[in-house]
Structure formats: C-alpha cells, structure tokens
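Me: I've got a structure open and could use some company going through it. Can we start with what counts as touching, and then look around?

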Amino acid sequence: MSMQNINFTLNGQAVSADIEPHRNLVELLQRFDLFGARESCGQGLCGCCTVLVDDKAVSGCLYFATWVDGKSVTTVESLDANGALSIVQQAFIDCGAFQCGFCTPGFVLMVHQLLKEHPNPSDDDIVHYLSGNLCRCAAYPEIIEAVKVAAKR
Amino acid sequence: MKQVGRDIPRLEVRAKVTGRAEYVYNLRLPGMLYAKIARSTVPHGRIRSIDTRAAKAVAGVHRVVTGEDIRKLIAEPYFGPAFHDQPILALDKVHHVGEPVAAVLAGDPHVAERAAQLIEVEYDELPAVYDEVAAMQPDIVVHDMLKPAGTFADLKHLKGRTNTNIALDYHLRRGDVDAAMGRASRVVAHTFKTQQCLHLPFEPFVSVAEPGDGTLTIHTSSQTPSFVRTEIARLFGWPENRVRVKVPYLGGGFGAKVYVKLEALVAALSMLVRRPVKLALTMEEQFYMITKHPTTFRIKSGVDQDGKVVARACEVFWNGGAYADIGPRVTQKSGFTAPGPYDIDNISIDSYSLYTNRTPAGALRGFGIPQLVWAYESHTDLIARELGIDPVEFRRKNILREGRPQASGTAMQDAAIAEVLDTIAARMNWSAPFDRGSGTIRRGRGVAIGFKASISPTTSVAIVNVAADGSTTLYTSTVDMGQGSDTAFAQMVAEVLDLDSEDVRIVHPDTDVTPYDMGTLGSRSLFHMGNAVRLAAEDARTKLRALAAEAGLPEGTNYPPAEIFKKRYGMQAGNVIGTASFVPTYKSPDAQTGLSDNVTPFWMIGGSGVEVEVDTETGAVRVTKLVNAADCGKPINPGVARTQLSGAAIMQLGFTLSEDMKLDGGQVTNASLADYKIPGIRDIPPMQNELVEAEQRSGPFGAKGLGESGTFGVSPAIANAIHDAVGVRITALPITAEAVLRALRAQAGQPLEDE
C-alpha cells in the first residue's frame, strides 16, 4: 500500500513519517518508541489509547495516523519532560489511583483536559469527562479522589 | 523505621503514571513475525479439510501453520494444567467456536490478519452441548477420551475414560445428611445459577517466543512463569533449563493469564520458522480464550426448631467449557466450601466439573467461590426469612467459630468470620430502623459473607541478594499485575534487613534468574511467597552476621553491610545471598469421604453489605451503599490492601449486574466492550472498604492474601437487598432490570411475555 508522508509536532518537536493510510495513531506513535497510548478494546470505548491532538483528547485506536498531518500531538510521555511529574500524575500516585497501570496514561491525559477546561470540577464534571475511560482493576474511587486532589493543588 | 504495616505507594508508580512501565504489549524484536489465528466457526465438529492456499498467496505472508504442521514438531501437542486435552492448534476435531485452527505469520500484523480470514475450513458438524446439567448425560460427548495430566493424584482414575463429560466428580460426606434432614423441623431447597462472564484484562493476552541456540525465550503476559517453563519444556521434551520465561508488568490478569495460554503456540511457531514470533489477541478474541464457570447449584438445608442448620446437601455443576483448564481444581478445592462458613454437622457435597462446547472456563478472582457464595448466601437469607429471624442474627447463630471443623473436617484457625460479619453489620447500622421507601422507589438492604481456602500445597522460592554496598535485590517469580506484590515483598525484606522499602529492588520473573514459584493466583502470593521472602531475608541476615564474624568484627554490634563487606574483602566486593523455600503441610481429601483435617494453610474471609433502591416500574436497581469487609490478617500495606478489596468488589458488581456472555449457536454475540458491559466510573456506588485486622499466625508478619476476598459477598448481598425492598427473589445472575421487572410482574400476577 502506498505510503503517505506526514509532518506534525510530537510532544513539541517537529517530526515527519512515512505511513500507510490504514495505520492508526497508536501504531504511528509506536514507531517513535512511544508506548503510553495503548490499543486495548479497539473500539474507542476504553480510553487506553487516549492522545491529545491539537489539545483535544482523541482515541488513538480509531484515529488514522495520516490525520495528524499538520497537527500537534501530545502523549503522556510529554508530561514529565522537564523531569518532574505533572500535578495530575503526582495526585494519581498519592491517591493510589491505579493498579495494573495499563489504562493509567489515558486517564491521566483525560484529567489534564478536564482540569484545563474545569479547574474546579464538580463530581458531575469528573464523571462526565472520565466516562469514556475504563479501568478493569476498578480504581475509580481513587481516580475521583486524585482528580479532586490535583484540582486543589 | 518499621517497614511492615507502612502505607507506602507501590514501587512502580512512576513508571506507570508516565506510560513507561514495561509490558509484553510493547515488545518488538529484530526479525519478529506477527501471528494471527484462524478460528473455528462451529462449536463442535470434525475437521474435514483446511484450505490455506488463498492465505499463502497474500503478499507478505511468511507461513501458514495448521495443527498437522505442529504435530510434525511435537508428537503429542496437547497441554493443560489438569488434563492434557488442549491441542496447540486444533487436531481432528474442534470443540468450541473460536478454537484456534490455523495461524498465519507475517511481518505486518494487518497482513497476517487479512490472510487468516482467507483460510477455508470445512467441518462435519456435530451436535453441541452448552448447559452444565445437560452435560451430565453422555448424549453429546465433547471429548472422545479423558486425558488427565498425571500431576494430580485425584484425577488418575479418570485416565482413558470414554463416553462422559465429567472431568472430575468430587464427593464429600460428613455425618448423616438423610437422617438429619428427616429429623429437621423444616427442609428448604433452592437452585441458583450463574452466567458465563470473563476477566477481560486491558492488556489482552500477548506472548513472544524467541528461539536461541538450542534454547527458547518466552516473553509473556503470564501469572505463572514457572509453570510455563515446565510445560513448554515437557512439550518439546527438553530439560527446563533450555526454556527461559520472562514476565514484566501485566496489564491485568485476574486469573485469566494462568498456566499455558498462548505460550505453546508462539513457542511452536517460532521453532518452525526459527524467528521471533509475537501473538497479541484483540479484545474480541479474549472472549474465546478463558472465562468464569457458569454454574448450577442445588442446595438443600434442614433446620431445627431453634434456627440451627442441622444438615445441608450441595450439588454443584461447573460448566468448564471445551477444555478443562484448572476447572477440576475449582470443582474440588472450592467445592468443599460449598455449604458456606456455617457450623453444620451433616453435610453432603457433590461437585462436578463438566465439559461443554463453550469457551473454556478457569479461575476468575475467587476460584469458583463467588459462584458458591451466590448460592449459599441467597439460600441462607431465604431460610432466615422463612423462619422470621433477622438475617444477621441467623448467620451469627450458625457461623463457624474459631476451632470448629469446616465441612472438610479442617478446623477453622485464624479465620475472623464473626468479626467480618460484625463489622459489616456495624457499618450498615443494621440495628437502626431502615426506611424502605414508598411509591415506585423501594429500598432494601442485605448482607452476605463467604470464605475460601488457599490452593494447597504449593511451593514458593525466594532469593535475597545483598550487594557489597549493602543495596539489596529480591528475586522472585511472583508477577506484579497491580496487586502490589513487589511492594509488599520489598517491605518484608526491608523489615528484616533494616532498610527502607523504597531501596529494595525487585527483579521480575525471569526463570533463568528468578527461582520457582507455583504461580501468582488464588491470593496465595502474600502468604506463600511472603513466607519464602521473609525466610530468605532472614537467611541473608544470618549470613551477614557470619561474614561479620569472619571479618573479625565483634559480635552483637550492628555494622552496616557495606562495612562488613569492606572489612572482609578489603574493598567494595562480594555478595551475600539468602535463599528460602516455603511449602505448607497438606493432607489430600480421603477418596471416599472427601474429608481432610488439613486442606488449607489459611482461610480467606470476605463479605459485603448493600443498600439498594428498586424502581418498581422498570426493575432498575441502584446500589446506594456498598460496604465490603475482609479478614486480611495483619496488613503489610493497608492502603494497597484496601484498593484490592475495593477493586475486587467493583469487579464483582459487574458480574452481578451487567456482565453476561451471550451465546447463539455457540457463537458469542456480544464479544466487545460495546455489548458486554463492564463497570465504568458512573457505576460506582458509595463504598466503604474495611480491613478487619486479625492475625494469621502462620503468615509472614501475621499477613494473609486478600486479592479475591472483596468478591465474595457482593452478588448475594444485592439479591438479598432486592428481596428486602420488593419481595422478589432473583436466583440467576446477572441481576438485570429486566430480570427484576419480570419477577415483579410475575409476583403481581401479570407476567411479561417470554422473549
């Protein structure tokens, strides 16, 4: 299948890639050795593949790689780029808001978007924003707590 | 500083919140091929032909492999922990929809997937059996002959048996049930059922095999690396030391990733093509791997005038699906707890593990216990209602007290059953008046408690390595899948060697390096491996003292290890290696009576109390309060322990209210997260999770396992609360709004039409 050349910003760096049009964004990121966005359900329902494209959360498993051409892509790996964890990441640790950790990057990125748009989220806001992320270990009570802790900080 | 009992974050938290934790999901190796599986489309049939020509013709396909190709490499390509009944790829017959029939290898997984869809298989279809009670009759026989693995003494008599679907029948007889039922003032009987559901770890099954020079390395998302090594070596006829199994973090396990799953297939494929091979399942494919047993449980009790249960007869039918997996062990090792945590003199248990033409069933967070508790705690509640006794009082009157023999004859020791029940009742304000609602919203409450034995006897080995600078590393084959075993063991090592837990490094399972462990399953690790870790750390401490004596350091002084090494070897050099193994004592149940006075090294106790609101117009049930309590011994890390309790209870909430694999002609019709609904953030009720501190005297630092205990009571507590609210009894899981509405309409004499 024919390759398509795309240029985009990845975690602040200008990059380019040759990629077939059927590949999704998760596969594209793996070529850059970024594994924080993970394909799990393959249907955009679990949120494990959450990536920010132009600061908006998308499901990487349903998002064609070529669509990021000319756009800015942010993955979980960017959050501690300066060596320090983000407030949200630290709050997840302090509240024990994960177990196996497979869904955690997706939740962390979604909470970043939530707090950007609602710095003091209500319980309804939290549940609304996170209803597209699933956690099979069911750390939900701790995740809700972590969002509140992060919002206070 | 005291390390055991500290609430520290798990060791791997930073790797997990940054997305950098290592999973097999991430692994790519040079020259690696991707495998995709062509699966059976029929539930039961003889393979007439497999046409792989179209698949081979796809550009980029490296090889197409069938069962016959595997048979050329491995003469007897069958595996399984209890029965060697599962072929690596189907041979001659298929036994369930989704069974692997052929595999395609390609450098690009999309190519392999497309080619796999082009494989044409013709079958002579056979009639299929799906129901566990129907499978008791040999009208339709799933396997032509039974092939027990030989590892388990109690399966030997089944070898070569034909014309049956019964993979194990376990029978227990205690006292005289018939006579006691005859004398009882009341005899109560019910039948309860559970549905087929499954683990669905978010990192679906994934394994990579990498052939070497007369060796094979398997990177796998497995809870049982040591077992995988033994079983792969057996299949190839190799010594164990030629097989290396490595396991990083797991993206969830819950009992799915135990024994051999994809490992035999990737091992065989990689040996055939002499290249690394990766096989990663999709979420949909997980519905054809391993599930939780559907069950039918007929339970009957005789009760005397004073509300004491004097006899109980239990018949449990476990629907094991097409391959036995660990089902026969579930049937026996959970089977003997079927009468519940009650002090009953006359008991009979008949527990049957059955083959059917469904996806195989194995262990799922509780090893069969949640299915049993569902039945005996629903039944217990119904008896209390019939007698007009408060359900908590009725339980108090009948529960097993410390020192009393359980059905098997093993005495209850360090089992805080009464304390768990009391804690739940207290948190539920059970003695306070309760508002049962009015109009179309009715309220109710219920409790349930359960218990579990640990799988026994099983072995764990640990190595503690103190380096010349005093830094310490622990080597175990226990798998941390989020339950926090790495952290708990680090705390134990640190406690013994006077270190900070955070400074202890854990080497993850690598069977070339880490010693044997039976498996990370059945809540066994904290107890079994915990004991081995503690002993290994103590061994290291003893050896450090000996080294100090050799170095001429005066006895009784607490020199830092780094100084001891320097003094002894003249520079920063040397190691001290502490080792220990742990295996508890055990006595097999008597072949005739099923009795043993030593069936388990420890007991797990868990229970729940719930309040619900039922909408009488729709049948919708809303859980408005969920209290979970478990005897956790003395917790090593209370924070992590509490999240285990909470996570287990929420998982069971899904198995109670929504999760249900639906079959049509053997085909799963809801094999996706869109149609098979697991709990999301909107489904979480207000919860309290209570660790009931007791002491497990034989456990490390008084601790015991609790990864499963939170599941025990949830389902029956909800059914009991619904009964309390609206007077109807749900006897089959899941408890959907439709099921409740049907029961309400039937009660009102206006039954809904059948589907």
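Reply: Sure. Contact here means heavy atoms within 4.5 Å. Keep in mind that this is a predicted model.

Me: OK, so what is B:Ile455 in contact with?
Reply: Setting aside its neighbours within four places in sequence, B:Ile455 is in contact with B:Lys333, B:Phe367, B:Met518, B:Leu521, B:Arg524 and B:His528.

Me: And where is B:Ile455 found?
Reply: You'll find B:Ile455 in the loop between strand E21 (441-453) and E22 of chain B.

Me: Is B:Ile455 buried or exposed?
Reply: Buried means under 20% relative accessible area. B:Ile455 has a relative accessible area of 8%, so it is buried.

Me: How far apart are B:Ile455 and B:Arg275 in space?
Reply: They are 38 Å apart, C-alpha to C-alpha, and 180 residues apart in sequence.

Me: Let's move on to E22. Which way does strand E22 of chain B run relative to E23(B)?
Reply: E22 (residues 460-467) and E23(B) run antiparallel, with four bridges joining them. One pair to look at is B:Ile463, whose bridge partner in E23(B) is B:Tyr475.

Me: What's between E22(B) and E23(B)?
Reply: Four residues, and the two strands form a hairpin. In the turn, B:Gly470 has a positive phi of about 90°.

Me: Which residues of E23(B) are on each side?
Reply: B:Thr472 and B:Leu474 are on one side of this strand (residues 472-475), with B:Thr473 and B:Tyr475 on the other. All four are buried, so both faces are covered.

Me: Why do they swap sides like that?
Reply: In a regular strand the side chains alternate between the two faces of the sheet.

Me: How does E23(B) pair with E24?
Reply: E23(B) pairs with strand E24 (residues 505-507) of chain B in the parallel sense, over three bridges. B:Thr473 stands opposite B:Arg505 in E24(B).

Me: What do E23(B), helix H13 and E24(B) make?
Reply: Together with helix H13 (residues 485-497) of chain B, the two strands make a right-handed β-α-β unit.

Me: Switching to helices. Which residues of H11 in chain B are buried?
Reply: In H11 (residues 391-398), the buried ones are B:Pro391, B:Val392, B:Phe394, B:Arg395 and B:Asn398. Looking down the axis of H11(B), they fall within an arc of 160°, so they line one face of the helix.

Me: What covers the buried residues of H11(B)?
Reply: The cover includes strand E17 (309-319), H10, helix H12 (417-427), E21 and helix H17 (714-726) of chain B.

Me: Back up to H10. What is B:Asp381, which sits in H10, in contact with?
Reply: Leaving out neighbours within four places in sequence, B:Asp381 is in contact with B:Pro391, B:Arg395, B:Asn720 and B:Arg729. B:Pro391 and B:Arg395 are among the buried residues of H11. B:Asp381 is buried too, with a relative accessible area of 3%.

Me: Zooming out, how many helices and strands does chain B have?
Reply: Chain B has 18 helices and 30 strands. Its radius of gyration is 27 Å, close to the 27 Å the globule rule gives for 755 residues, so the chain is as compact as a globular protein of that length.

Me: How much of chain B is buried?
Reply: Buried residues make up 65% of the 755 residues.

Me: And what about contacts between residues at least 6 apart in sequence: how many join residues at least 24 apart?
Reply: In chain B, 80% of those contacts do.

Terms used
Residues are numbered from 1 along each chain as its sequence is written. Chains are lettered from A and ligands numbered from 1 in the order in which they are written. This is a predicted model: local features need pLDDT of at least 70, side-chain atom pairs count only at pLDDT 80 or more; totals for chains, interfaces and linings use all residues. Side-chain values use heavy atoms; hydrogens and water are left out. Buried means under 20% relative accessible area, exposed over 50%, partly exposed in between (1.4 Å probe, protein chains only). Two strands pair if DSSP finds at least two bridges between them. A crossover is right-handed if, with the strands pointing away from the viewer, the path from the first strand over the helix to the second runs clockwise. The radius of gyration is taken over C-alpha atoms; the globule rule is 2.2 Å times the number of residues to the power 0.38. The arc is that of the directions from the helix axis to the C-beta atoms.
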